[in-house]
2 protein chains.
Amino acid sequence: METENKKILLVEDDPNFGIVLKDYLTMNDFDVVLAKNGMEGFEKFKKDNYDVCILDVMMPYKDGFTLAREIREKNENVPIIFLTAKTMKEDVLKGYKAGADDYLNKPFDSEVLLMKLKAILQRKSSNTLADSKQFEFEIGNFHLNSKLRFLRYKDEEPIKLSPKENELLRLLALHENDLMPRELALTKIWRDDNYFTSRSMDVYIAKLRKYLKRDDLAEILNIHGEGFRLVVKAGNEQAS
Amino acid sequence: METENKKILLVEDDPNFGIVLKDYLTMNDFDVVLAKNGMEGFEKFKKDNYDVCILDVMMPYKDGFTLAREIREKNENVPIIFLTAKTMKEDVLKGYKAGADDYLNKPFDSEVLLMKLKAILQRKSSNTLADSKQFEFEIGNFHLNSKLRFLRYKDEEPIKLSPKENELLRLLALHENDLMPRELALTKIWRDDNYFTSRSMDVYIAKLRKYLKRDDLAEILNIHGEGFRLVVKAGNEQAS
DNA sequence: CATTTTTGTTAAGGTTAGGTTAAACGCTAA
DNA sequence: TTAGCGTTTAACCTAACCTTAACAAAAATG
């Protein structure tokens with residue numbers, strides 16, 4: 001599992017507060033880079049990719065708004081959160097104009113910040129997440145597309161699979177060359193484990209075997225009393 | 001420029017405040033639908049597509065959180081903004097858990113709300129932009145212009161499409177070669193998923209198939225129980 | 001080896017989803 | 001009011017899907 005932590009650029013001139021906040025966020029599984037002022041913040045921003053930027057508004061040399069504008073020029077998508085000294089409407093409006101996604105008034109509750117981060121990151125990531133699940137498999141000379149429910153042998157016309165056929169073959173493929181327990185399929189696909197569902201499953205195994213028959217590389221073996229095993233022999237692997 | 005106004009669902013039980021806020025937002029070029037309670041809010045949500053939902057937290061019958069959860073079930077992307085009576089951390093956290101994008105404490109400054117809306121819509125649009133601009137498609141030897149609602153085969157006279165035909169074909173084209181779930185079309189185009197709308201959709205599928213019949217490169221396949229798939233075979237591709 | 005249990009396979013039956021055509025409905029504009 | 005259009009509903013049919021039954025074969029059991 002590649003559970004990379006989200007990367008945060010934190011720009012805050014107060015060293016004490018900066019470090020405390022950084023530690024807090026680090027403790028909550030973020031990778032935090034702390035910059036002490038706008039200049040440094042921009043330098044660090046250019047050198048890496050961040051998932052979120054948290055900018056203090058009041059800073060020497062370069063204030064948060066200016067920094068936000070520069071960041072927006074480079075990247076118009078990174079979420080930006082402002083930390084403002086107090087509820088100054090002026091600042092808030094200015095912040096949004098500079099391309100902010102949200103703002104927080106100091107002093108703020110750390111849990112609220114976490115929630116905001118979560119909400120913002122969730123929105124962003126929901127688009128990239130797309131193909132995280134396993135829906136396609138190579139089974140010998142077959143290709144199984146489990147989302148579109150078809151099984152294709154080499155370049156021939158795809159065979160349409162029924163929902164049950166599809167899910168069963170997918171379960172077998174997930175356990176390729178390993179035991180796929182009867183019980184697992186019955187509870188996952190049939191949602192009930194009794195004599196009849198079990199017989200029904202056997203019928204589907206027979207159907208799948210009929211499909212797979214044309215390929216010597218793939219076959220479904222029974223492990224008596226335990227379940228089934230989809231064996232896939234390594235075919236003519238080309239060192240491409 | 002098709003500058004359609006953004007559509008807001010505003011759910012607020014205080015009639016005075018609700019109307020004032022609605023007018024204010026309307027004045028600022030939003031299309032606002034006002035619901036007086038959670039029940040009504042959900043009904044209205046189901047009947048149309050909104051760009052943002054603004055929900056009061058304290059409401060009779062169904063509070064804002066419950067409503068938010070129901071809305072999230074139907075659509076996990078619409079931005080939701082909560083209006084909370086005062087800074088109650090509890091409420092804020094609860095709100096984010098229910099899938100909120102932001103919250104505002106009453107009394108709030110209307111300009112701040114505008115800014116938040118702008119920020120949120122901007123954030124969203126950067127993601128949705130991709131699809132929203134897609135109004136023209138090449139489907140085999142056909143050309144679909146979804147904005148002008150016609151379908152042309154090669155250089156022949158364009159076929160005029162009815163609104164439903166058009167939207168359905170567009171949805172299929174957006175998911176070209178991939179599954180276009182029944183439910184998606186029903187909720188997006190028919191705004192209701194029941195036996196009759198489903199049958200109606202099938203009628204439209206038949207109509208579209210009749211149009212596409214003249215081209216071997218394009219056809220609509222059914223994935224039993226799931227939806228439809230517009231398969232477009234690559235035609236005479238030129239190696240440019 | 002006889003018996004029981006599990007699995008293999010095919011076919012029949014019933015249910016639901018989808019394909020298609022035509023009629024009915026409702027709206028709008030002449 | 002009617003004519004035209006887009007849409008829904010009805011009706012009928014076919015295809016898809018799943019379960020169950022029936023019988024055969026294999027594996028386990030004693």
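**DNA contacts, helix H7 and the nonpolar cores**

Of the 22 residues around DNA strand D, the ones that come nearest are Ser162(A), Trp190(A), Ser200(A), Ser162(B) and Ser200(B); a residue counts as near a strand if one of its heavy atoms lies within 4 Å of it. The model is a predicted one, so to speak of local features a pLDDT of at least 70 is needed, side-chain atom pairs count only at pLDDT 80 or more, and totals for chains, interfaces and linings use all residues. Residues are numbered from 1 along each chain as its sequence is written, chains are lettered from A and ligands numbered from 1 in the order in which they are written, and side-chain values use heavy atoms, with hydrogens and water left out.

Strand D is met mostly through its backbone: 79% of its atoms within 4 Å of the protein belong to sugar or phosphate, and the rest to bases. Three residues of chain A show how this works out in terms of polar contacts (pairs of N or O atoms within 3.5 Å; within protein, one must be able to donate a hydrogen and the other to accept it, and residues adjacent in sequence count only if both atoms are side-chain atoms). The side chain of Ser200(A) places an N or O atom 2.8 Å from a phosphate oxygen of DNA strand D. For Trp190(A), a polar side-chain atom sits 2.9 Å from a phosphate oxygen of this strand, while Lys164(A) uses a backbone N or O atom, at 3.3 Å from a phosphate oxygen. The elements that give two or more residues to the surface near DNA strand D are helices H6 (163–174) and H8 (195–212) of chain A, along with H6 and H8 of chain B. Helices here are DSSP runs of H or I with at least four residues, strands are runs of E with at least two, and both are numbered from the N terminus. H8(B) provides the largest share, 6 residues. Sorted by class, this surface has 10 nonpolar, 6 polar and 6 charged residues; Ala, Val, Leu, Ile, Met, Phe, Trp, Tyr, Cys and Pro count as nonpolar, Asp, Glu, Lys and Arg as charged, and the others, Gly among them, as polar.

Turning to DNA strand C, 20 residues lie around it, and Arg199(A), Arg209(A), Gly225(A), Arg199(B) and Arg209(B) come nearest. Sugar and phosphate make up 64% of the strand C atoms that come within 4 Å of the protein. A phosphate oxygen of DNA strand C is 2.8 Å from a polar backbone atom of Gly225(A), and one is 2.8 Å from an N or O atom in the side chain of Arg209(B). Lys210(A) has a polar side-chain atom 3.2 Å from a phosphate oxygen of strand C. H8 of chain A and H8 of chain B each supply at least two residues of this surface, which by class has 4 nonpolar, 6 polar and 10 charged residues.

In chain B, helix H7 (residues 182–190) has Arg182(B), Ala185(B), Leu186(B), Ile189(B) and Trp190(B) buried, that is, under 20% relative accessible area (exposed is over 50%, partly exposed in between; 1.4 Å probe, protein chains only). Seen down the axis of H7(B), these buried residues fall within an arc of 100 degrees, so they line one face of the helix; the arc is that of the directions from the helix axis to the C-beta atoms. They pack against helices H6 (163–174) and H8 (195–212) and strands E10 (179–181), E11 (218–223) and E12 (227–232) of chain B. Arg182(B) is buried at a relative accessible area of 19%, and its side chain makes a polar contact of 2.9 Å with that of Ser198(B). Beyond four places in sequence, Arg182(B) is in contact (heavy atoms within 4.5 Å) with residues including Ser198(B), Asp202(B), Asn222(B) and Phe228(B). Just after H7(B), Arg191(B) takes a positive phi of about 60 degrees.

The largest nonpolar core has 45 residues, and Leu25(A), Leu117(A), Leu55(B), Ile71(B) and Phe82(B) have the most contacts inside it. A nonpolar core is a set of buried Ala, Val, Leu, Ile, Met, Phe, Trp, Tyr and Cys residues joined through side-chain atoms within 4.5 Å. Helix H5 (residues 110–128) of chain A gives the most to this core, with 8 residues. Apart from it lies another core, of 43 residues, among them Cys53(A), Leu34(B), Leu83(B) and Leu117(B). Leu83(B), in strand E4 (residues 80–84) of chain B, is buried at 0% relative accessibility.
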